[in-house]
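Please open the model in your viewer and keep the sequence panel beside it, since each stop on this tour asks you to select something.

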Amino acid sequence: MKNKTVKFLLCLCVAFAVVFAFAPSVVKADTKDDYRRAQRELDRINKELRRLTNTTASKKKQKQNIEKQISLVKSQISILYDNIEATNNDLLAKQEELDNKKREIQKTDELFKERLKAMYMMRNSSTLSTILGANTVSELLTATDTLQRVSARDTDLLKLLDEERRQIETEEARLQRKIEELYAQQKQLEEKQNELAGYLKKADTELTDAQARQKAAEATQSEIYARYIAAKNAYEAELAESIKNGSGQEAIGGDFIWPVPTNGCISSGFGPRTLYGQYDYHTGIDIATGSGSYIYGKAIVASKTGTVIRADKRTTGYGYCVRIDHGGGYVTLYGHCSALYVGVGDIVVQGQTIARVGSTGNSTGPHLHFEIRVNGAQADPLPYVTATRPSIR
């Protein structure tokens with residue numbers, strides 16, 4: 001007897017589902033068209049805004065890279081300034097040393113010339129005078145030898161001084177070449193700095209333009225989203241009326257259960273919220289996880305036994321979405337799924353896997369958008385859902 005009753009109820013559910021599926025929709029064509037057009041516009045502006053946001057980020061990074069290069073070139077120029085100054089100081093010291101050495105050579109050379117003149121005069125004077133000037137032969141030999149040794153020392157000294165002069169001149173020439181090389185490097189770096197300054201100006205202009213276009217797109221997004229919400233509310237109001245009038249089932253018993261057995265957390269509750277900078281009224285709850293993608297692909301189960309009245313696969317709005325009529329004016333909605341396992345007219349039992357969590361449609365990330373509608377009006381699901389977690393069937 002009990003089995004017959006269950007079969008009768010299931011058949012009754014199927015009958016109502018078939019009647020509802022083939023019943024003419026009371027949703028006006030223009031209302032549905034407005035809603036779908038608004039969905040397409042929102043999808044388009046969201047894609048454009050993502051592109052502009054990426055462009056702005058790219059331009060900002062490009063500008064930062066150029067600024068880093070300019071900072072590096074400035075540091076290199078500063079180091080060159082220090083090197084040039086130090087090399088100039090070394091060069092000035094060498095020039096002063098060379099001048100001193102030249103004066104020393106000149107003085108020594110003059111003394112040498114005086115000695116040579118004296119020796120010459122001594123050699124050309126009469127031998128008798130030389131002899132008479134010496135008291136002994138030993139003194140004469142000593143005087144002559146002394147003059148010769150002085151002459152030799154002066155000659156060696158001049159050679160040494162001349163060698164030192166040449167070394168100083170060589171070092172002076174090396175320092176001069178180094179300064180010329182440093183100035184050449186400085187010129188190259190300054191040209192590079194000017195070139196980068198031009199790039200920076202261009203990058204700054206492009207970034208400002210990208211930011212302006214992004215800001216304009218954000219304003220457009222807010223306007224389109226406002227129109228989307230208005231069209232969505234109008235469409236769902238008529239759809240709710242259609243569902244309300246199209247289902248005369250009695251409520252199938254049992255409490256509603258949590259639609260994601262893996263639990264998850266509520267990332268956005270029922271009621272007022274701000275989205276895309278606009279006021280929004282959230283018609284259900286979003287079930288997600290802290291890490292976002294963790295819940296992707298998890299099983300979605302029927303919160304209560306009922307009949308599938310819609311199984312949509314769209315790229316906008318709720319995306320892949322399932323609606324189940326539970327009778328008594330209760331309808332549940334499961335949005336943004338990644339896969340659907342049921343179709344219109346299917347009778348599902350509580351806890352049965354009907355879909356997988358995804359991020360289709362106008363979604364900000366992997367989650368399940370879950371609604372409970374009572375006589376066509378959205379209600380906060382939490383008071384209706386029990387804490388019991390069902391097993392996946």
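A cavity is a set of grid points where a 1.4 Å probe fits but cannot get out. Bear in mind, before selecting anything, that this is a predicted model.

With that definition in hand, begin with the enclosed spaces: the structure holds 2 cavities of 30 Å³ or more, and the largest cavity contains about 80 Å³ of space. To see its walls, select Tyr-35, Gln-39, Tyr-235, Arg-310, Asp-312, Arg-314, Thr-316, Tyr-318, Gly-319, Cys-321 and Arg-323, which together line the largest cavity. If you colour this lining by class, you will have 4 nonpolar, 3 polar and 4 charged residues. Helix H2 (29–124), strand S6 (306–313) and strand S7 each supply at least two residues of that lining.

Next, turn to the largest nonpolar core, which has 23 residues, and select Ile-300, Val-322, Ile-324, Tyr-334, Ile-354 and Leu-368, the members with the most contacts inside it. At least two residues of this core come from each of the strands S4 (285–288), S7 (320–327), S8 (330–340), S10 and S11 (368–374). Another core, of 13 residues, lies apart from it, and you can find it by selecting Ala-38, Leu-42, Ile-224 and Ile-229, which are among its members.

Stay with strand S10 (residues 353–357) for a moment and select Thr-353, which is found in this strand. Is Thr-353 buried or exposed? Its relative accessible area is 11%, and because buried means under 20%, Thr-353 counts as buried. If you also select Val-260, you can see that the two residues are 93 apart in sequence, while their C-alpha atoms are 9.4 Å apart in space.

The last stop concerns the aromatic rings, for which a search of the whole structure finds 4 pairs. Select Phe-256 and Tyr-330, whose ring centres are 5.8 Å apart and whose planes meet at 55 degrees, so the pair is tilted. This pair links distant parts of the chain, since Phe-256 is in the loop between helix H4 (137–246) and strand S1 (265–268), whereas Tyr-330 is in strand S8, 74 residues apart. Phe-256 is buried at 3% relative accessibility, whereas Tyr-330, with a relative accessible area of 22%, is partly exposed. Now add Tyr-384, which forms an edge-to-face pair with Phe-256, at 6.3 Å centre to centre and 90 degrees between the planes. Tyr-384 is partly exposed, with a relative accessible area of 29%. With these residues selected, you have one aromatic cluster on display, formed by Phe-256, Tyr-330 and Tyr-384.

Note on methods
Residues are numbered from 1 along each chain as its sequence is written. This is a predicted model: local features need pLDDT of at least 70, side-chain atom pairs count only at pLDDT 80 or more; totals for chains, interfaces and linings use all residues. Side-chain values use heavy atoms; hydrogens and water are left out. Helices (H or I, at least four residues) and strands (E, at least two) are DSSP runs, numbered from the N terminus. Buried means under 20% relative accessible area, exposed over 50%, partly exposed in between (1.4 Å probe, protein chains only). A nonpolar core is a set of buried Ala, Val, Leu, Ile, Met, Phe, Trp, Tyr and Cys residues joined through side-chain atoms within 4.5 Å. On a 1 Å grid over the protein atoms alone, a cavity is a set of points where a 1.4 Å probe fits but cannot get out, and a pocket is an open set with protein on both sides within 12 Å along at least five of seven lines; lining residues have an atom within 4 Å of a point. Grid points are joined across faces, edges and corners, and a volume is the space filled by probe spheres set on the points. Ala, Val, Leu, Ile, Met, Phe, Trp, Tyr, Cys and Pro count as nonpolar, Asp, Glu, Lys and Arg as charged, and the others, Gly among them, as polar. Rings of Phe, Tyr and Trp (its six-membered ring) pair if their centres lie within 6.5 Å; planes under 30 degrees apart count as stacked, over 60 as edge-to-face and the rest as tilted.
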